[in-house]
Amino acid sequence: MGTGTSSGNGSKPVHELETVVIRFAGDSGDGMQLTGTQFTSESAIAGNDIATLPDFPAEIRAPAGTLAGVSGFQLNFSSHQVFTPGDRPDVLVAMNPAALAVNLADLVDGGSLIVDTDGFSKANLRKAGYEENPIDARGMADRYRLFRIPISKLTSDALKDLQLPTKTVSRCKNFFTLGLCSWLFSRPTDETVAWIKEKFRSAELIEANLRAFKAGWNYGETTEAFASRYAVGS
């Protein structure tokens, strides 16, 4: 529920909310558990009351891009006391078609749907059981606030001069996602920056993940796709 609007510290208006339920979903290798856990830490530092629900893949080592390999993390963060992780998410982040197929039915009507368009290849669509790209379906943009973002490409662009292996670059896209959602919900980021520096031993990985995180934050601030952002007070 919205409670007001302020100008915030950036260039876009900030809408005040009481409670938000967000769900991160992707392949088991997309780092959604890590993204959700760190977003939870940011929300706790912001003074929100929180409740979480990790959702692990149905099968161990399921083939990439399949329904059985979908991993998710749901967080309910609020300015007042909460007792459950929420029934249906207000925001769904889907990194591939399988994540969308498993979770879309739970997203509230009018909710925000953030998709990594790079993950919606023909091969991934087939693995998820789609004949056509669901984000192009008639009515999808009418029912939800749909944000089509080439997360994988934007992450690669941010890291292109580091000369890292393609697989390593791909693994950084969850930090782009974390940066974007941290911007979208006005989360404090100093702790995340410090956490990245502590978690990764390699200077290259620290630099790569920091770049991806900052690229996600900057994308939210500069893109025309998001006209505003949100804040959930303590």
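Here are some questions and answers on helix packing and salt bridges in this predicted model.

Q: Is α1 parallel, antiparallel, perpendicular or oblique to α7?
A: Start with the geometry: the axes of α1 and helix α7 (residues 173-184) come within 9 Å and cross at roughly 30°. Angles under 35 degrees count as roughly parallel. So α1 and α7 are roughly parallel.

Q: How many nonpolar, polar and charged residues are in the contact of α1 with α7?
A: On the α1 side you'll find M32, L34, T35, Q38, F39 and E42, and on the α7 side N174, F175, L178, C181 and S182. Sort those by class and the split is six nonpolar, four polar and one charged.

Q: Is α1 parallel, antiparallel, perpendicular or oblique to α8?
A: Helix α1 (residues 32-45) and helix α8 (residues 190-199) have axes that come within 10 Å and cross at roughly 135°. Roughly antiparallel would take an angle over 145, and roughly perpendicular runs from 65 to 115. That crossing angle therefore makes α1 and α8 oblique.

Q: How many nonpolar, polar and charged residues are in the contact of α1 with α8?
A: From α1, the residues are L34, Q38, S41, E42 and I45, and they meet E191, T192, W195 and K199 of α8. Grouped by class, that gives three nonpolar, three polar and three charged.

Q: Are the crossings of α1 with α7 and α8 left-handed or right-handed?
A: Take α7 to begin with: α1 and α7 have a right-handed crossing. As for α8, the way α1 passes it is also right-handed.

Q: Which residue forms a salt bridge with D109, and where does that partner lie?
A: D109 sits in the loop between α2 (97-103) and β7 (112-116), and its partner is 34 residues away, so look to a distant part of the chain. D109 is exposed, at 53% relative accessibility, while the partner is partly exposed at 43%. The N to O distance in the pair is 2.7 Å. The partner is in helix α4 (residues 140-143), and it is R143.

Q: How many residues apart are D157 and K153?
A: These two form a salt bridge, with the closest N and O atoms 2.9 Å apart. D157 has a relative accessible area of 35%, so it counts as partly exposed, and K153 is partly exposed too, at 47%. Both lie in helix α5 (residues 151-159), about one turn of the helix from each other, and that spacing is four residues.

Q: Which residues are linked with R211 in a network of salt bridges?
A: Inside helix α9, R211 and E207 are four residues apart, about one turn of the helix. Their salt bridge has its closest N and O atoms 2.8 Å apart. R211 is partly exposed at 25% relative accessibility, and so is E207 at 32%. The residues linked with R211 in the network are E207 and D161.

Q: How many salt bridges are there?
A: Among them are the D109 and R143 pair and the D157 and K153 pair. R211 with E207 is one of them as well. The count comes to seven.

Q: Is K214 buried, exposed or partly exposed?
A: K214 is in helix α9 (residues 203-222). Its C-alpha atom is 9.6 Å from that of W183, 31 residues away along the chain. Buried would need under 20% relative accessible area, and exposed over 50%. K214 has 45%, so it is partly exposed.

Conventions
Residues numbered from 1 in each chain as written. Predicted model: local features only at pLDDT ≥ 70, side-chain atom pairs only at ≥ 80, totals over all residues. Heavy atoms only, no water. Helix = DSSP H or I, 4+ residues; strand = E, 2+ residues; numbered from the N terminus. Buried < 20%, exposed > 50% of the residue type's maximum accessible area, 1.4 Å probe, protein only. Axes fitted to C-alpha atoms, helices over the stretch in contact; angles between N-to-C directions. Left-handed = near helix turned anticlockwise from the far one by under 90°. Contact = heavy atoms within 4.5 Å. Nonpolar A, V, L, I, M, F, W, Y, C, P; charged D, E, K, R; others polar. Salt bridge = Lys/Arg side-chain N within 4 Å of Asp/Glu carboxyl O.
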